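The following exercises ask the reader to work through a model, moving from its overall division to its ligand site and then to its backbone geometry. Each task is followed by a stepwise solution.

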Amino acid sequence: MAIPIVLDHNSPQSLQGQIFEQLRHLILGGKLKPGTPIPASRVLAEQLGISRNTVLLVYDRLMAEGYLQARKAIGTYVNLELPETSLAATRRIATAVPAQGEAIRQPDIPFIGQKQTRGNTRHLDFDFFPDRTDLDLFPQKIWRRFINRTFASSSTHFTECGDPGGLLQLREVVADHLGVARGISVTPDQVIITAGSQEGLNLASRLLIKDGTLVATENPCYEGAALLFQSYYAKLAPVPVDESGLDVEQLPKEGVTLLYLTPSHQYPLGFTLPIERRLKLLDWAQRCGAYIIEDDYDSDFRYRGSPLTALMGLDDYGCVMYLGTFSKSMGAGLRLGYLVVPKTLIHATRSAKALLNNGHSWLDQITMAEFIRSGAYGNHLRRMRHVYCKRRDALIEALRQHFGAVELSGVESGLHLAWHLPEGYPSAPELQELALQHGVGVYAIGAGTAYDYGQSRYSARTLILGFASLNEYQIRAGIRRIADVFASIPST
Ligand SMILES: Cc1ncc(COP(=O)(O)O)c(C=O)c1O
């Protein structure tokens with residue numbers, strides 16, 4: 001660790017005095033915390049370009065005054081118990097207030113973002129949190145094998161920045177996968193590898209949004225998108241959702257630059273946008289001169305029938321950007337996803353990505369590319385689909401067993417479903433609170449990872465239940481617990 005000491009060779013103060021003062025300041029100011037190792041005298045002398053003796057004398061003095069401590073065979077540390085006099089000085093530093101009129105005014109931070117909800121830190125007996133997959137299903141062994149194999153061929157990949165748009169091998173397999181699985185015909189240079197779809201959303205926002213830009217979203221929609229657009233000072237236009245997804249007729253007629261939506265499995269309600277609405281939507285976008293972001297976050301998990309062709313696969317105008325992620329199929333911790341852009345946006349998006357971080361980690365990309373190319377990803381997906389389908393079935397069965405003919409949406413695909421509560425039941429927020437008191441997590445719209453503008457017809461009477469991270473036994477037990485809670489309410 002290099003210690004930030006700057007020497008002034010023209011100063012009347014000796015070098016020894018300068019080093020002493022600066023080290024003492026770093027310790028008292030809390031920048032070098034008790035227990036922090038201090039570089040060996042030889043190392044600090046080399047860093048500062050001075051004689052080792054000078055540093056040794058400083059260390060001796062700091063030790064004598066109780067700031068440093070030396071331990072045999074370990075080295076020199078900031079003293080764990082700073083002397084009372086130094087603590088008093090620390091307190092003086094911490095409580096020092098600028099005299100009146102001297103206050104330093106720091107610039108306002110233009111950023112207005114709010115952190116989105118990812119994961120749930122509460123420990124519950126049964127948590128139906130929608131944004132969680134099962135750690136036990138991550139293909140650890142095989143993933144480790146692929147990492148080891150690719151490590152051996154690393155050569156310069158760790159020391160050079162790669163293509164900011166992403167590793168070609170990965171972009172190629174993603175483009176192939178999209179052709180087969182989603183009916184999207186794209187070239188690898190249209191694919192930008194990102195840190196999850198959240199980074200893809202950021203890139204798209206960077207390209208398209210400025211202060212006051214009108215951005216339309218579904219209502220309710222994905223929180224990560226709504227909060228992000230707000231942080232770019234977009235003006236949000238909520239568009240209602242019904243049983244067929246976004247109500248295209250209610251889109252603003254003009255002025256919209258960007259529409260964000262989840263057509264395959266509306267987030268959070270799970271509805272699928274039918275083909276007629278998809279085509280109308282594309283016409284609307286062309287008329288309005290708007291771009292569309294299609295977030296296809298969980299389309300790998302379809303349990304019945306064939307998936308509808310993605311919007312981007314139907315787009316002849318070049319107005320759709322497609323977001324994909326490995327967060328559901330592999331795990332959100334990988335932070336691996338992709339943004340697919342129309343040809344006209346390739347250059348701008350790659351430039352924005354280069355400015356943002358010069359591209360994604362090579363090891364993750366090559367491992368994922370090899371994992372897909374070898375067929376292991378296909379096998380993994382089939383296995384996951386099978387497991388999650390059984391969990392979904394267990395959830396539907398348990399709900400029916402305890403609550404009768406329940407009204408559900410979003411059951412044909414994805415990793416969560418929506419339960420629309422009948423009249424006579426407590427409201428969704430009340431039920432959420434009751435379940436929580438009994439160690440079960442179920443989520444009203446806007447309480448999980450969704451964003452509710454407030455006037456949605458689903459706000460009060462819909463609960464979201466994720467089923468990916470609980471096994472079938474836990475799912476049944478969790479729903480039974482909610483039913484017991486329910487039965488104990490006098491009016492129900
Ligand atoms: C609607 C939606 N989009 C995208 C994602 C994934 O985000 P990321 O790829 O950044 O992990 C999620 C969460 O899992 C989601 O619910």
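**Exercise 1. State which domains the assignment gives for this predicted model, and how far apart the C-alpha centres of domain 1 and domain 3 lie.**

Solution.
1. The domain assignment places domain 1 at residues 15–87.
2. Domain 2 is made up of two segments, 126–131 and 379–487, while domain 3 covers 139–376.
3. Between the C-alpha centres of domain 1 and domain 3 the distance is 51 Å.

**Exercise 2. Describe the shell of residues around the ligand: which come nearest, and how does the shell divide by residue character?**

Solution.
1. The shell holds 14 residues, of which D131, S197, D295, T325 and S327 come nearest to the ligand.
2. By character, the shell comprises four nonpolar, five polar and five charged residues.
3. By secondary structure, helix 7 (residues 196–208) supplies the largest share, namely three residues.

**Exercise 3. Identify which atoms of Q198, D295 and K328 approach the ligand, and determine how much of the ligand's area the protein buries.**

Solution.
1. Take the backbone first: an N or O atom of the Q198 main chain is 3.0 Å from a ligand oxygen atom.
2. Turn next to the side chains. In D295, a side-chain N or O atom lies 2.7 Å from a nitrogen atom of the ligand.
3. In K328, a polar side-chain atom is 2.9 Å from an oxygen atom of the ligand.
4. Now consider the area: the ligand taken alone exposes 400 Å², and the protein buries 100% of this.
5. As to location, the ligand sits in the largest cavity.

**Exercise 4. Locate the cis peptide bonds that precede P220 and P268, and give the omega value of each.**

Solution.
1. N219 and P220 are joined by a cis peptide bond with omega about 0 degrees.
2. P220 belongs to the loop that runs between strand 6 (214–219) and strand 7 (221–222).
3. The cis bond between Y267 and P268 has an omega of about 10 degrees.
4. P268 is placed in the loop between strand 10 (256–261) and helix 9 (275–288).

**Exercise 5. Determine whether phi of R335 is positive or negative, and where this residue is found.**

Solution.
1. Phi of R335 is near 50 degrees, a positive value in a residue other than glycine.
2. R335 occurs in the loop between strand 12 (320–325) and strand 13 (337–340).

Technical notes: Residues numbered from 1 in each chain as written. Predicted model: local features only at pLDDT ≥ 70, side-chain atom pairs only at ≥ 80, totals over all residues. Heavy atoms only, no water. Near = heavy atom within 4 Å. Polar contact = N/O pair within 3.5 Å; in protein donor to acceptor, adjacent residues only side chain to side chain. Areas by Shrake-Rupley, 256 points an atom, 1.4 Å probe, with all protein chains shown as cover. 1 Å grid on protein atoms, 1.4 Å probe; cavity = no way out; pocket = protein on both sides within 12 Å on 5 of 7 lines; lining within 4 Å. Sits in = over half its atoms within 2 Å of the grid points. Helix = DSSP H or I, 4+ residues; strand = E, 2+ residues; numbered from the N terminus. Nonpolar A, V, L, I, M, F, W, Y, C, P; charged D, E, K, R; others polar. Domains from an automatic or database assignment.
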